[in-house]
Amino acid sequence: MFEATAAAASFLPAESARYFMGIGDPEGVIEVIARGVDMFDCVLPTRTARTGSALTWEGRLNLRNARFARDPRPLDETCACLACTRFSRAYIRHLVTQHEILGLRLLSLHNLRFLLDLVAAARVAIERGAFDSWRADALARLLRPTSEAA
Ligand SMILES: [Zn+2]
């Protein structure tokens, strides 16, 4: 897919915006940006939220996991969204496991904010001419093995 994206992008005018339909995982978004894509559209952030999971710099967190039952931390320490600034992982887990729709809404808000912050950071890196190093650092953070990711 990434090879085909790079090949297709090379035929498109550089002054026009390039759109990729159906990519929403953080690693995939970074990879298609590297290949010249400017815009994305995907159900992944909200679909992932509806399954009780959060996209974070620690990887994807499944809030149904019992390890979050007493976790006072926000979904992502670096996120300024409503869910992260006001609620703990434990409370959001409680909402999700009790089938309270607020839990899934908070996860949707967080996942969308996470991706918006990710592409904003990519944009800044591109403007600074530092996208390649930003990309390497971002992928290393997203893909590093942690005991927290579920
Ligand atoms: Zn958040």
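Along the chain, the donors of the zinc ion follow the spacing C-x1-C-x2-C-x25-H. In this predicted model, the zinc ion is coordinated by the SG atoms of C79, C81 and C84 and by ND1 of H110, at 2.1 to 2.3 Å. The angles among the four donor atoms run from 98 to 120 degrees, and the site is tetrahedral. The assignment holds because four donors count as tetrahedral if all angles lie between 85 and 135 degrees. For reference, the ideal angle for four tetrahedral donors is 109.5 degrees. Of the donor residues, C81 and C84 are both buried.

Strand β3 covers residues 53–56 and has both of its faces covered. On one side S53 and L55 are buried, and on the other side A54 and T56 are buried as well. The partner of β3 is strand β4 (residues 59–62), and the two pair in the antiparallel sense over four bridges. Within this pairing, A54 stands opposite L61 in β4, and T56 stands opposite G59. The two strands form a hairpin, with two residues between them.

The loop between β3 and β4 also holds E58, which takes part in a charged contact with helix α5. The side chains of E58 and R89 meet in a salt bridge with an N to O distance of 3.1 Å. Since E58 lies in that loop and R89 in helix α5, the pair ties together parts that are 31 residues apart in sequence. Both E58 and R89 are buried. The contact belongs to a network of salt bridges that links E58, D71, R73 and R89.

A search of the whole structure finds six salt bridges. In general terms, side chains of opposite charge can pair when their charged atoms come close. Two of the contacts share E31. R35 forms a salt bridge with E31, with the closest N and O atoms 2.7 Å apart. The side chains of R135 and E31 also meet in a salt bridge, at 2.6 Å from N to O. This second pair links distant parts of the chain, with R135 in helix α7 (residues 131–143) and E31 in helix α2 (residues 26–34), 104 residues apart. The acidic residue E31 has a relative accessible area of 13% and is therefore buried. R35 has a relative accessible area of 25% and is partly exposed. R135, at 23% relative accessibility, likewise counts as partly exposed.

R93 presents another case. This residue is placed in helix α5 (residues 89–97). R93 is buried yet has no salt bridge, and the nearest side chain of opposite charge, that of D71, is 9.7 Å away. That separation does not qualify because a salt bridge requires a side-chain nitrogen of Lys or Arg within 4 Å of a carboxyl oxygen of Asp or Glu. The side chain of R93 instead reaches the backbone oxygen of L63 at 3.5 Å.

Two loop positions complete the description. A66 is placed in the loop between β4 and α4 (82–86). With a relative accessible area of 55%, A66 is exposed. The C-alpha atoms of A66 and H94 are 10.0 Å apart in space, and the two residues are 28 residues apart in sequence. H99 is placed in the loop between α5 and α6 (101–127). The relative accessible area of H99 is 69%, so this residue is exposed. H99 has a positive phi of about 60 degrees although it is not a glycine. Most residues other than glycine have a negative phi.

Definitions and conventions:
Residues numbered from 1 in each chain as written. Predicted model: local features only at pLDDT ≥ 70, side-chain atom pairs only at ≥ 80, totals over all residues. Heavy atoms only, no water. Donors = N, O, S within 2.8 Å, 3.2 Å for Na, K, Ca; no water. Tetrahedral: all angles 85-135°; square planar, octahedral: opposite > 155°, others 65-115°. Buried < 20%, exposed > 50% of the residue type's maximum accessible area, 1.4 Å probe, protein only. Pairing = 2+ DSSP bridges. Lys, Arg positive; Asp, Glu negative; His and termini not counted. Polar contact = N/O pair within 3.5 Å; in protein donor to acceptor, adjacent residues only side chain to side chain.
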